[in-house]
Amino acid sequence: MESKTDQKKVLSIGMVCLDIVTVCHTYPKEDTDQRVLDYYWQRGGNASTTSTVLAMLGERSEFMGAMATDVESKFLTENLKSYGVSHDNAMVCGPDIKTPVSMVIINQSNGSRTILHCAKNLPEVSFSHFQTLDLSQYKWIHVEGRPAPDAYNQIMCSVVEYNDTVVEKITISLELEKPGRPELDSLIQYADVVFISKEKADEERLYSKEDVVRAYIKRCKAGAVVICAWGDQGAAALSSTDGVLCTSPVFPPETLVDTLGAGDTFNAATIFALCQGRSVQEAITLGCKVAGTKCGMKGNKGLKDIIW
Ligand SMILES: Nc1ncnc2c1ncn2[C@@H]1O[C@H](COP(=O)(O)OP(=O)(O)O)[C@@H](O)[C@H]1O
Ligand SMILES: *[C@@H]1O[C@H](CO)[C@@H](O)[C@H](O)[C@H]1NC(C)=O
Ligand SMILES: *[C@@H]1O[C@H](CO)[C@@H](O)[C@H](O)[C@H]1NC(C)=O
């Protein structure tokens with residue numbers, strides 16, 4: 001029989017946006033006119049993509065973030081529904097608010113993704129909105145570090161406080177992805193699992209995944225785990241409980257097709273494995289397997305039919 005905790009959800013907090021994807025033979029030259037291989041809309045945004053992959057892996061998954069009511073947002077809500085990701089608690093803003101859009105160029109010859117992002121006036125999630133959620137529904141809250149440090153500090157702090165008052169605890173993970181946002185580093189103190197990106201590491205002159213986890217573990221709370229994925233170098237993790245450095249190699253697909261959202265996929269699969277009670281080593285290895293598989297397919301829908 002499933003325990004109550006198994007029925008609890010994983011909540012991903014952060015951004016959802018529309019990705020308008022164009023697949024080209026090779027990267028286009030400026031001021032040329034050509035045919036492309038494919039064109040499609042997909043739902044993007046770091047937390048939104050993570051919530052999708054969690055649902056495909058079999059977790060009960062919810063996305064929470066700001067959403068508009070324009071044409072693009074209709075596509076996004078339908079798409080969330082089709083993947084079985086709940087968005088019942090999204091912060092719906094309207095009517096003059098525009099959905100952020102990423103124009104993405106995928107170069108079929110090497111799988112690279114070039115992103116042109118347009119964010120107009122969608123606000124960040126507020127703490128007062130977060131307070132309307134019933135935290136007893138969740139076993140894990142994944143937070144994408146967005147440029148709203150005050151709100152995110154209050155959100156994460158309130159989860160820690162909630163955790164102290166209940167028997168069925170909530171685990172918090174935090175993704176720090178974009179460089180140039182040092183004000184978000186204070187969120188690390190609340191997280192049980194911290195994902196640091198390569199882009200963020202570059203800014204601090206940390207040039208390997210091992211250096212990143214060794215540097216960041218010092219800023220974490222006792223018992224926390226720091227994880228760093230590093231493109232085709234795989235991933236590393238360090239837990240402050242045992243101080244043992246874990247690494248995973250990459251699991252490259254036969255051909256690289258599309259690396260867009262590989263990091264979000266890695267995060268989702270790693271969270272999934274940790275939710276299942278697997279070790280940190282097993283979790284990052286599964287993260288790399290699922291992310292590597294994703295790099296061999298267009299989008300991520302194909303992950304649905306695989307049993308891990
Ligand atoms: N070229 C690749 N081949 C195989 N796996 C890859 C490749 N690029 C990324 N991955 C997998 O995806 C994970 C996340 O990569 P990362 O570079 O952080 O993604 P993103 O570009 O989305 O930030 C890596 O740990 C790796 O397992
Ligand atoms: C929640 O409580 C558990 C058990 O005490 C602890 O391991 C974990 O770090 C706490 N998480 C947060 C986010 O406070
Ligand atoms: C988050 O989204 C951005 C923009 O789409 C992308 O460049 C980045 O790789 C994503 N992060 C992860 C960890 O996948």
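This report walks through the surroundings of two ligands and one helix pair in a predicted model.

## Ligand 3: who is around

Start with ligand 3, whose neighbours are N46, R113, I115, E175, E177, K178, G263 and D264. Sorted by class, that shell comes out as five charged residues, two polar and one nonpolar.

Three polar contacts are worth a look. On the nitrogen side, a ligand 3 nitrogen atom sits 3.3 Å from a side-chain N or O atom of E177. On the oxygen side, the backbone does the work: an N or O atom in the backbone of D264 is 2.8 Å from an oxygen atom of ligand 3, and a backbone N or O atom of G263 is 3.4 Å from an oxygen atom of the ligand. As for cover, ligand 3 on its own would expose 360 Å², and the protein buries 77% of that. Two elements each supply two or more residues to the shell, namely β8 (112-118) and α8 (262-275).

## Ligand 2: another shell

Over at ligand 2, the surrounding residues are V160, N163, K169, I170, I172, Y190, D192 and K221. Here the class split reads four nonpolar, three charged and one polar.

Side chains and backbone both turn up in the polar contacts. A side-chain N or O atom of D192 comes to 2.5 Å from an oxygen atom of ligand 2, while K221 places a polar side-chain atom 3.4 Å from a ligand oxygen atom. The backbone entry is I170, with a polar atom 3.4 Å from a nitrogen atom of ligand 2. Taken alone, ligand 2 exposes 360 Å², of which the protein buries 62%.

## Helix α8 and its partner α9

Back to α8, the helix that helps line the ligand 3 shell. What angle does α8 make with α9? The two pack at about 145 degrees, α9 being residues 280-295, and their axes are 7 Å apart. The crossing of α8 past α9 is right-handed.

If you want to browse the contact itself, the α8 side consists of A262, T265, F266, A269, T270, F272, A273 and L274. Facing them in α9 are V280, A283, I284, L286, G287, C288, V290, A291, K294 and C295. By class, the residues in this contact are 14 nonpolar, three polar and one charged. Compare that with the shell around ligand 3, where five residues are charged and one is nonpolar.

Note on methods. Residues numbered from 1 in each chain as written. Chains lettered and ligands numbered in written order. Predicted model: local features only at pLDDT ≥ 70, side-chain atom pairs only at ≥ 80, totals over all residues. Heavy atoms only, no water. Near = heavy atom within 4 Å. Polar contact = N/O pair within 3.5 Å; in protein donor to acceptor, adjacent residues only side chain to side chain. Areas by Shrake-Rupley, 256 points an atom, 1.4 Å probe, with all protein chains shown as cover. Helix = DSSP H or I, 4+ residues; strand = E, 2+ residues; numbered from the N terminus. Nonpolar A, V, L, I, M, F, W, Y, C, P; charged D, E, K, R; others polar. Axes fitted to C-alpha atoms, helices over the stretch in contact; angles between N-to-C directions. Left-handed = near helix turned anticlockwise from the far one by under 90°. Contact = heavy atoms within 4.5 Å.
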